[in-house]
Amino acid sequence: MKTGGRLIVEALEANGVERMYCVPGESYLAVLDALHDSPIQSIVCRQEGGAAMMADCAGRLTGKPGICFVTRGPGSTNASAGIHIARQDSIPLIMFIGQVASHAREREAFQEVDYRAFFGPIAKWATEIDDAARIPEIVTRAFSVATSGRPGPVVISLPEDMLTSEVEAPAALPFTPVETQPGEAELAELEKLLAAARRPIAILGGSRWNEKAVADFQKIAENWSLPVGVSFRRQMLFDHLHPNYAGDVGIGINPKLAARIKEADLVLLVGGRFGEMPSSDYTLMKSPYPDQTLVHIHPDSSELGRVYRPTVAINASPAAFATAFAARKPAGKPAWADATAQAHADYLAWSTTPKSGPGAVQMGPIMDYLESVLPEDAILTNGAGNYATWVHRFHRFRRYATQGAPTSGSMGYGTPAAVAAKATFPGRAVVAFAGDGCFMMNGQEFATAVQYDLPIIVIVVNNGIYGTIRMHQEREYPGRVEATDLRNPDFAALARAYGGHGETVETTDAFAPAFERARASGKPAIIEIRLDPEAITPTRTLTDIREKR
């Protein structure tokens, strides 16, 4: 006879969970008690949204479901931001919620929420366990649902009395991963289409990748001389200095790359959905009938033909597809090899940093410095805002599992993501980028980094405004500023108050020594860059936008 709380923890252990992220609550004390005797590490966070985002980043970097626990009512609704990120980003995540006791259900009890109804539209599966004897069954199913097809978040509600009840139940077993393999006929058809093409391009996206899959697709690109683009915030899927790399297909796309996609006669879309952001609002490929021949590879059959009608649909994970197609080679040298070399040259020119701009701090030289000192396996995380352009456009990702950034465009992600990245890969450098507005949304998770001795470095690009919104405001309503100015704390002092290391950078030359001091401190660190608000993008100022409307 075991309690529901003990069965939950044993099911997690059976499925190889090493750590979970949580904000504690009296609604799941039985689980916390069981964790006391478990090898699973509990990382206590400062807000449930941060805990869910940590679980998301863990799932994003490893392909295994990130795990978080939150309490009922406000705890669960705080965490909903992280669930939305995982859903739109196709990330495996399982969130457990302590629920009111069974006798109080549907009475609007203290902090009661109907979690099936609340999370149903944004979770891949939302359920509640009424009988503790079914815990092994439901938790095993949760791992399968979260990782199969198009991955996504699973939400499991745990009534308080169910967790304390004692039952007999079978020992939990690990879930069986579900893989989808490409068919021989579809691979042969793709080979024919490539042989007949003159202007092909591959675009990589989505999840269900791993280090081997990335290496296998690099071999495919080399075999077929394919130019390769990566979808919005999926830049870790292809080495940016590889001669076949053509750039990222996201917000602020290189116009030459956009033209290349529009003019392509064959688009090989691997793993991604090619949603609103990477498709430039569905203009790079027309929906539902693209001008280009489209071969779409996706692990979830419901995504094939959902927005674009493909010429060939291959229901397979990116990993399975890359393994299967890597052995196939063209009969001779492809006719487009020179165009592929030009695509890479266009990327290198586009990703060369500007050396000047308004104000005393220039982000271009700062990015160049970081490129010179960060190792290839360094993990960069960020949330949303114009500051992120400096990472997306000018950092050259070289390896898999080095990027933690939400394709959903959620603010507040970078700091908690960095905490999870460092906990998951303690031997690797982890640098978070955040705007001042972005940092303040989940910046309290810096305290979590301090508590668990996770020496992340958070670069806060402080321009005193909600920059992206101000940019759009000046374009649409020039000179009519409203609700976009911010008055911020001293971020370096805040870092020290938390027990970390703090630096303030007010000139370009001050950044490198500040970064070295932060790294040498061995503590979690915040480096505040005080950026002129006029430097709203790498190439435009607020005045430009206002006057050229």
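What share of the contacts in the chain with a separation of 6 or more is made by residues 24 or more positions apart? The share is 76%. The legends below refer to a predicted model.

**Figure 1. The whole chain, with its helices and strands.** The predicted model shows 21 helices and 20 strands. Along the principal axes, the C-alpha atoms occupy a box of roughly 70 × 60 × 45 Å. The radius of gyration is 24 Å, which agrees with the value near 24 Å that a compact globule of 549 residues would have.

**Figure 2. The surface and the buried part of the chain.** Buried residues make up 59% of the 549 residues. The accessible surface amounts to about 21,300 Å², and carbon and sulfur atoms contribute 50% of this area. Among the side chains, 53 are positive and 61 are negative. The centres of these two sets of charges are 6 Å apart.

**Figure 3. Close-up of Cys22 and Cys45.** The whole structure contains zero disulfides. Cys22 takes part in no disulfide, and its nearest cysteine sulfur, which belongs to Cys45, is 6.4 Å away. Cys45 is likewise in no disulfide, with the sulfur of Cys22 as its nearest cysteine sulfur. A disulfide requires two cysteine sulfur atoms within 2.5 Å, so the 6.4 Å between Cys22 and Cys45 does not meet this cut-off. Are these two residues buried or exposed? Cys22 is buried, since its relative accessible area is 3%, and Cys45 is buried at 4%.

**Figure 4. Close-up of the loop between β12 and β13.** This loop follows β12 (266-270) and precedes β13 (293-298), and Pro288 is located in it. Ser287 and Pro288 are joined by a cis peptide bond, with omega at about 5 degrees. Ser280 is also placed in the loop between β12 and β13. Although Ser280 is not a glycine, its phi is positive, at about 55 degrees. With a relative accessible area of 27%, Ser280 is partly exposed.

**Figure 5. Close-up of Glu106 in the loop between β5 and α5.** Glu106 is found between β5 (93-99) and α5 (115-119). What is the sign of phi in Glu106? Phi of Glu106 is positive, near 65 degrees, in a residue other than glycine. Glu106 counts as exposed because its relative accessibility is 73%, and the term exposed applies over 50%.

Terms used:
Residues are numbered from 1 along each chain as its sequence is written. This is a predicted model: local features need pLDDT of at least 70, side-chain atom pairs count only at pLDDT 80 or more; totals for chains, interfaces and linings use all residues. Side-chain values use heavy atoms; hydrogens and water are left out. Helices (H or I, at least four residues) and strands (E, at least two) are DSSP runs, numbered from the N terminus. The radius of gyration is taken over C-alpha atoms; the globule rule is 2.2 Å times the number of residues to the power 0.38. Buried means under 20% relative accessible area, exposed over 50%, partly exposed in between (1.4 Å probe, protein chains only). Contact means heavy atoms within 4.5 Å. Accessible areas come from the Shrake-Rupley method with a 1.4 Å probe; for residues, only the protein chains shown count as cover. Lys and Arg count as positive and Asp and Glu as negative; His and the chain ends are not counted. The place of a charge is taken as NZ of Lys, CZ of Arg, CG of Asp or CD of Glu.
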